[in-house]
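Me: I'd like to learn how to read a fold like this one step by step. Can we start with how two neighbouring strands are joined?

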Amino acid sequence: MEAKFLDSCIFCKIIRGDIPSFKLIETELLYSFLDINPLSYGHCLIIPKYHAEKLDDVPDEYLHNFLPVAKKLVKALGCSDYNILQNNGKVAHQIVPHLHFHVIPKPSASEQEG
Ligand code: 5GP
Ligand code: ZN
C-alpha cells in the first residue's frame, strides 16, 4: 500500500522519523513502538504505516496484519497475560487520531519479580 502521511499527525511524524520513538517491530505495513506514557512495563502501540484515523478507514484485508505483530510483541516481553485495546473516536477516548492498537502487558506477581 502506498504510504500517505498527514503532516500534522504525531504518529505519521513518528513513522517518518521526524519525532523519535523506541521502535520495536517494523514491517512493510506496520510500525510498533513503546508508548510514551505506559500503563505497564512494555506497553506499546502498533500503527499502520499510512494515515488512517479509525478502524473504519482501513480496508478489511489490511486488518489481519495487526494481531500477529501483537502476539510477537507479547511473546518477546515474556508476559502471559495482556490487554489489546483499540479506541475509535474522541468519545471512546481516542486521543491520537491515527489508528493504533495498544498492547498492554499484565505481568503476574512472579513475572514482576523476575
Ligand atoms: P489513545 O487514547 O489515543 O488510544 O492513546 C494514545 C496513546 O499514544 C497514549 O497511550 C499516549 O501515551 C501515546 N502517545 C501520545 N503521543 C506519543 C508520542 O509522541 N510518542 C509515543 N511513543 N507515544 C505517544
Ligand atoms: Zn497519521
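Reply: Sure. Start with a pair of strands and look at the bridges between them: here β2 and β3 run antiparallel and are joined by five bridges. Keep in mind that this is a predicted model.

Me: Which residue in β3 is the bridge partner of S32?

Reply: That's I46. A second pair on the same two strands links L34 with C44 of β3.

Me: And which strand does β3 pair with over three bridges?

Reply: That would be β5, residues 101-105, again in the antiparallel sense, with β3 covering residues 44-48. You can follow single residues across: I46 has F101 as its bridge partner in β5, and C44 stands opposite V103.

Me: How do β1 and β2 fit in?

Reply: Look for a short link between paired strands. β1 and β2 form a hairpin with three residues between them, and their antiparallel pairing rests on two bridges. One of the partnerships is E26 with Y31 in β2.

Me: What is the strand order of the whole sheet?

Reply: Read across the sheet rather than along the chain. The order is β1-β2-β3-β5-β4, an open sheet of five strands with antiparallel pairing. At the edges sit β1 (23-26) and β4 (82-85), each pairing on one side only. On average, neighbouring strands of this sheet are turned by 15° against each other, direction ignored.

Me: Which helix packs on the sheet?

Reply: Helix α3, residues 66-77, does, and it touches β1, β2 (30-34), β3, β4 and β5. Its direction makes about 25° with that of β5.

Me: Is β3 enclosed or open to the outside?

Reply: For burial, count neighbours: 20 or more other C-beta atoms within 10 Å make a residue buried. In β3, five of the five residues are buried, so the strand is largely enclosed by the rest of the structure. Then check the two faces: C44, I46 and P48 point one way, L45 and I47 point the other way, and all are buried.

Me: There's an annotated position too. Where does UniProt place the feature "active site"?

Reply: The UniProt record, an unreviewed entry, places it at H100. As an annotation, it may be inferred rather than shown by experiment. In the model, H100 lies in the loop between β4 and β5.

Me: Why does H100 count as buried?

Reply: Because it has 24 other C-beta atoms within 10 Å. Leaving out residues up to four places away in sequence, H100 touches F11, L45, I46 and I47. Of these, L45, I46 and I47 take us back to β3, where they are buried as well.

Me: What about H93, is that histidine buried or exposed?

Reply: H93 is also found in the loop between β4 and β5, but H93 counts as exposed because it has 9 C-beta neighbours inside 10 Å. The cut-off for exposed is 12 or fewer.

Me: And what should I look for in its backbone?

Reply: Check the sign of phi. Most residues other than glycine have a negative phi. H93 has a positive value, near 75°.

Me: Last one: how do I read the surroundings of ligand 1?

Reply: List the shell, then sort it. There are 14 residues around ligand 1, and I36, N37, N87, I95 and V96 come nearest. By class, the shell has eight nonpolar, five polar and one charged residues.

Methods
Residues numbered from 1 in each chain as written. Chains lettered and ligands numbered in written order. Predicted model: local features only at pLDDT ≥ 70, side-chain atom pairs only at ≥ 80, totals over all residues. Pairing = 2+ DSSP bridges. Helix = DSSP H or I, 4+ residues; strand = E, 2+ residues; numbered from the N terminus. Axes fitted to C-alpha atoms, helices over the stretch in contact; angles between N-to-C directions. Contact = placed C-beta atoms within 7 Å. Near = placed C-beta within 6 Å. Nonpolar A, V, L, I, M, F, W, Y, C, P; charged D, E, K, R; others polar.
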